[in-house]
Structures are given as C-alpha cells and as structure tokens.
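Here is a set of short exercises to work through with the structure open beside you. Try each task on your own before reading the steps below it.

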Amino acid sequence: MATATTSQTRNTVYVAIFAAMIAAMGLVPPIVIGIVPVPITLQTLGVMLAGALLGPVRGMLSSLIVVVLALAGLPLLAGGRGGLAVLLGPTGGYLLGWIFGSLVIGALFKFWVLRQKSQTGRIITGLVSVIIGGIGVIYLFGIPWTAAVTGLDLGTSAIGAIAFLPGDLIKAVVTALVAVTVHRSYRALMS
Amino acid sequence: MIAAQNTSYLAKLPAGLKFGALLVLSIGLYLIGSWQILLVLLILSVLILLSARVNLRQLRMPLVTLLLILGIVFVSLGIQTTWDSALVSVLRLLTMCMFAYAVSLTTTFDAMLELFQQVASPLRHVGANPAQISLGLSLAIRFIPELKRVYLEVREAQHARGLANNPLAVAVPLVIRSLRIAEDTAEALEARGYDSAEHSK
C-alpha cells in the first residue's frame, strides 16, 4: 500500500509540473510571423514535451489539466485567452487535439522510441512520433472543427493550419532532441 | 477571465444553470440561418455582457484574436460561397462567444471548477481518484508562476552565454529543472505523510 501511494502522489506531481510548463509557455509574449498575424507560442512545445517525457497517461493528463483550467476561466492560453468561448470558437478543436496529441506521442515514445538501442534511432523515431502526435493528431481535431464551426470547406480550413506548420515542425525537432537527451539521464522517467 | 469582482445578477445565478443555458443556446444558434435574427441576438448578447458590468479590459486581447480569425473566415467563406452565408457564420460564432464570455466573466473560477468536477464525478467509478485530481489541479496552479520564473531565468542565463537563440540550450535546462522541482515536491509531500490514496476498500 505504501509504495503504491508513493508512486501515485509522485505521478500527480509530475503531471502538475508539466501542466504548469504548458501554461507558463503560453505566458511568454507571442511572436507575430509575416503579414498574417498568427500567434506563435511555445505552448504546443509543452504539449509535445509532456507526452514525450511522461508517457501516454500522465502526458495526456497534463494537457487535460491545462484545458480544464483554461475553460474554467484562467487566462492561460496564448494571448491571455481563457473561458468557455475558447472551446466554442473556431480554434476549439486544436485545444481538444492537445489532449489526444500528448496521448499518442506518449504511447509512441513508450512502446517504440524508447525501445530503440541507438541514439540516432531514438532521435529519428522520436521525431516521427512527435510529428504524428503533435502535428498530425492535433490538426486532425483542429481542421475539421474549424470547418464544422465556420462552414468553410476542409481544404480552406487546412490551408489556415499550414501557417502554423513551420513553427510546429521546429517544435517537433526540439521536442525529439530534448526528450532523447533527458531520457538518457532520467532512465526511470517512464517505467 | 477572472470573475471574482463581478456581483451582477448573472453572478448570482448558479454556474450549472448558466452552463446549461450556454449549451442549449449554442446548439440553438446553429439552427438559425438568417443573419438578421443573428444580428439581433448578437446585440442582445452584447447588452447582456454590458448589463452584467463585466470587466471589459479582460476581453480586449481575446476579442482582437477572435475578430482576426473571424475576419479571415469571413473573407474566405464569402469568396467560396455567398457573402450572405459568410455573414451568418461569422455572426453566429461571434454571438456564441459573447454568450460564453458572459458566462465565464460572471462565474468565479472556483464555481466553474466545482461544476466541472460534478460533471466528471461519474469518472470515480472507472478509477479516478478525486483527492488526486484536486492535488493535481492545485499543484499545477501553484507551479505556473514558479515555472515562468525558471523559464525566464534559464533564458537570461543562456543569453549571457550567447545561446539565447538556441532552443535546445533553453529547453533542456528548463525540463531538467522542472523534473527536479517535481521530485523535491513529491519528496516533501511524502515526508509529511501526504496520502491521497483511497482506503475505502
């Protein structure tokens, strides 16, 4: 009983610290790229890192906590957004996508990436995993959501998402490199 | 979106009622296809927001972001379909968000969180532990300012080393220091005998 309790409290603390990291990354002023004012924040980097470092369940819970706190009214999302309007608005799907994105990244890291023996193998599989979960899954929720809510067709909705793609690819590379580096020194992080 | 200071008539309504009304309204708005009716509803929603004397300063940034996105949606939808349907779609989203702001800005964070916990309470039967959920939520809130401080510190330190533009040089120390904070906190909780496991079995 004692050991089960110990690891449960410890897991909750890990979930909370990564939730706070996602939130803190949204508090840093956003960068505006090009003519179209697309706010680029590090927030999805936090979502990717939570999955890649904590695994599927704890990673998903970290994203879930941020979504719950934001919907309950804390202005935690990029640009100081929060409240129920965030979910009802045109970009609500991306927010839901975070939860499943970190779940998929976590599962791929746990069952695929960390079973690779070589560092290069881990970095390559890690990058593929983060792109699948952190870009593929999140866009899979975000693009149809925007289309459904606004009435735009899927193609136009997808073009809108492309503006985020360069930033997200950079974040995916950073996540893969950071996760592989950190897992090398913290071997027990996901076991 | 902090509603702590709001004492209007809307703030006195129970959170569950407002939440339910918002849900019904959002579904209802999708059934309306005329921009004239939607415009009336939009004006109504703005009047409700104003009558609830919400802190409008909090709405500035979210509204700018929302209007930018809706502007892009309006133009592309207008080119693709008709300007009439573009107007309907944009007015509907704007109205929905206004009603949502009215709920969020008149409901305290605590009341909203409590409502979510009630909605999620059936999860208890599939193994979710309410004590752990509360600990997770409150720790996350507690850690946010600390992690922001750590993030700025790491960035400053790497700037001094000429590494400010190297994302890895910032992210790796940030993650390592976060993990260390988590470990210290977990140890402190355990040392004080914190135990949130269920003993009912």
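## Exercise 1: The enclosed space

α4 of chain A, along with α4 (60-80) and α5 (83-104) of chain B, each supply at least two residues of the lining of the largest cavity. Keep in mind that this is a predicted model.

**Task.** Describe the largest cavity: what is its volume, and which residues lie nearest its centre?

**Solution.**
- Step 1. Begin with the number of cavities: the structure holds one of 30 Å³ or more.
- Step 2. Next comes the volume, and the largest cavity has about 130 Å³ of space.
- Step 3. Now find the residues around it. The lining has 13 residues, and R81(A), A85(A), V86(A), L66(B) and Y101(B) lie nearest the centre.
- Step 4. Look at which element gives the largest share: α4(B) does, with four residues.
- Step 5. Finally, sort the lining by class: eight residues are nonpolar, four are polar and one is charged.

## Exercise 2: The open space

**Task.** Work out which helix gives the most to the lining of the largest pocket, and how the lining divides by class.

**Solution.**
- Step 1. Take the volume first: the largest pocket has about 1400 Å³ of space.
- Step 2. Then locate its centre. The pocket is lined by 43 residues, with L64(A), V68(A), A120(B), L123(B) and I133(B) the closest to the centre.
- Step 3. List the helices that each supply at least two lining residues: from chain A they are α1, α3, α4, α5 (92-111) and α6, and from chain B they are α2 (15-30), α6 (109-119) and α7 (130-160).
- Step 4. Of the contributors, α3(A) gives the most, with eight residues.
- Step 5. By class, the lining has 30 nonpolar, eleven polar and two charged residues.

## Exercise 3: Where the chains meet

**Task.** Characterise the contact between chain A and chain B: how many residues does each chain bring, and how much area is buried?

**Solution.**
- Step 1. Count the participants: 58 residues come from chain A and 68 residues from chain B.
- Step 2. Turn to area. The two chains bury about 5300 Å² between them, and carbon and sulfur atoms give 79% of this.
- Step 3. Pick out the residues of chain A that lose the most area to chain B: I17(A), L84(A) and L88(A), together 11% of what that side buries.
- Step 4. Add the polar side of the picture. Six residue pairs are in polar contact between the chains, both residues at pLDDT 80 or more.
- Step 5. Ask which helix of chain A gives the most to the side that touches chain B: α1(A) does, with 18 residues.
- Step 6. Classify that side of chain A: 39 residues are nonpolar, 16 are polar and three are charged.

## Exercise 4: Salt bridges

**Task.** Find a salt bridge between the chains and one inside a helix of chain A.

**Solution.**
- Step 1. Start with the total, which is five salt bridges over all chains.
- Step 2. Between chain A and chain B the count is one. R10(A) pairs with E190(B), and their closest N and O atoms are 3.5 Å apart.
- Step 3. Within chain A, the side chains of D168(A) and K171(A) form a salt bridge (3.2 Å, N to O).
- Step 4. Place this pair: D168(A) and K171(A) both sit in helix α8 of chain A, three residues apart, about one turn of the helix.

Conventions. Residues numbered from 1 in each chain as written. Chains lettered and ligands numbered in written order. Predicted model: local features only at pLDDT ≥ 70, side-chain atom pairs only at ≥ 80, totals over all residues. Heavy atoms only, no water. Buried area = accessible area lost by both parts, 1.4 Å probe. Salt bridge = Lys/Arg side-chain N within 4 Å of Asp/Glu carboxyl O. Polar contact = N/O pair within 3.5 Å; in protein donor to acceptor, adjacent residues only side chain to side chain. Nonpolar A, V, L, I, M, F, W, Y, C, P; charged D, E, K, R; others polar. 1 Å grid on protein atoms, 1.4 Å probe; cavity = no way out; pocket = protein on both sides within 12 Å on 5 of 7 lines; lining within 4 Å. Points joined across faces, edges and corners; volume = space filled by probe spheres on them.
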